[in-house]
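Biologist: I have a new structure to look at. Can you walk me through it?

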Amino acid sequence: MFTGIVSDVGAITAVEDRGDLRVTIATAYDTGGVDLGASIACSGVCLTVVDKAPGWFAVDVSAETTARTADGMWAAGRALNLERALKLGDELGGHIVTGHVDGVGTVVSVTPEGASHRVVIAAPDTLAPYLAEKGSITVDGVSLTVNAVEDGADGTRFGLNIIPHTADRTTFASLTSGQAVNLEIDVLARYLQRMESYRAKAR
């Protein structure tokens, strides 16, 4: 379990194809305090630490994971938003995040708005029912508030405000139009939608 509050930006230094991908990630974390088998969210994907040394850790990325995450995400040189798993007693500063990607969105535009940036993302149709103004969403592992939702003939888009602090501490400083991003819907929205669907089926 995570909160969507990024605590380090790492970078992929090596990718080895072993059937699954063995991905090595450089990090500022004190890996002496990271156990083998620990979970770390990597741009919104919960992965298991399988090897480590000072300054880096390694994870195995399955074909299922690569198929369900943003194109180009697992390439050498890619920057990743990192978050260690939530511990009991930690501050829940974002919202409850599972580290399971529900779909891949596409950045439509990034527009300066004061010192911040307005970001519009096109969402897959399957996620449209779970998006709500002032609701929560995780984008590449970052907990964010949805500012607006627009349903149109060409699909659903939602808007976000990225403040300078968030941009400086995540990969969002280099976010560009056309970029694919990992999306995880709010877990509460997921259960509410399921209950509503079940209720409608029972009528």
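**Starting at the helix**

Modeller: Let's begin in helix α1, residues 63-68. Glu-64 and Arg-68 both sit there, four residues apart, which is about one turn of the helix. One caution: this is a predicted model.

Biologist: What do the side chains of Glu-64 and Arg-68 form?

Modeller: The two side chains meet in a salt bridge, at 2.4 Å from N to O. Side chains of opposite charge can pair when their charged atoms come close.

Biologist: Is Glu-64 buried or partly exposed?

Modeller: Glu-64 is partly exposed, at 46% relative accessibility.

Biologist: How many salt bridges does the structure hold?

Modeller: Four. Another one joins Glu-16 and Arg-18, at 3.2 Å from N to O. Glu-16 is partly exposed at 40% relative accessible area, and Arg-18 is partly exposed at 48%. Asp-154 and Arg-157 also meet in a salt bridge, at 3.5 Å from N to O.

Biologist: Which class does Asp-154 fall in, buried or exposed?

Modeller: Exposed, with a relative accessible area of 62%. Its partner Arg-157 counts as partly exposed, at 33%.

Biologist: New topic. In what order do the six strands of the barrel close?

Modeller: The order is β1-β2-β5-β4-β3-β6, and the pairing is antiparallel. Neighbouring strands of this sheet are turned by 45° against each other on average, direction ignored.

Biologist: Take β1 and β2. How many bridges do they pair over?

Modeller: Seven, in the antiparallel sense. Strand β1 covers residues 8-18, and strand β2 covers residues 20-26. As a landmark, Val-15 stands opposite Val-23 in β2.

Biologist: Stay with β2. Is Arg-22 buried or exposed?

Modeller: Arg-22 lies in strand β2. Arg-22 is buried, because its relative accessible area is 16% and the limit for buried is under 20%.

Biologist: An arginine in there? Which side chain does Arg-22 join in a polar contact?

Modeller: That of Asp-60, at 2.4 Å.

Biologist: What else is Arg-22 in contact with, leaving aside neighbours within four places in sequence?

Modeller: Besides Asp-60, the list has Ala-14, Val-15, Glu-16, Val-50, Ala-58 and Val-59. You have met two of these already: Val-15 stands opposite Val-23, and Glu-16 is in a salt bridge with Arg-18.

Biologist: Now the open sheet. What is its strand order?

Modeller: Seven strands run in the order β10-β9-β13-β7-β8-β12-β11, with antiparallel pairing. The edge strands are β10 (142-145) and β11 (148-152), and each pairs on one side only. The twist averages 35° from one strand to the next.

Biologist: How many bridges join β8 to β12?

Modeller: Seven bridges. Strand β8 is residues 116-123, strand β12 is residues 155-162, and the two run antiparallel. Ile-121 stands opposite Phe-158 in β12.

Biologist: Last thing, the cysteines. How many disulfides does the count give?

Modeller: Zero. A disulfide is a covalent bond between the sulfur atoms of two cysteines.

Biologist: Why is there no bond from Cys-42 to Cys-46?

Modeller: Distance. The sulfur of Cys-42 is 8.6 Å from the closest cysteine sulfur, in Cys-46, so the gap is too far for a bond. The cut-off is within 2.5 Å. From the other side, Cys-46 has Cys-42 as its closest sulfur partner.

Biologist: And which of the classes, buried or partly exposed, does Cys-42 count as?

Modeller: Buried, at 0% relative accessibility. Cys-46 is partly exposed, with a relative accessible area of 29%.

Terms used. Residues numbered from 1 in each chain as written. Predicted model: local features only at pLDDT ≥ 70, side-chain atom pairs only at ≥ 80, totals over all residues. Heavy atoms only, no water. Pairing = 2+ DSSP bridges. Axes fitted to C-alpha atoms, helices over the stretch in contact; angles between N-to-C directions. Buried < 20%, exposed > 50% of the residue type's maximum accessible area, 1.4 Å probe, protein only. Polar contact = N/O pair within 3.5 Å; in protein donor to acceptor, adjacent residues only side chain to side chain. Contact = heavy atoms within 4.5 Å.
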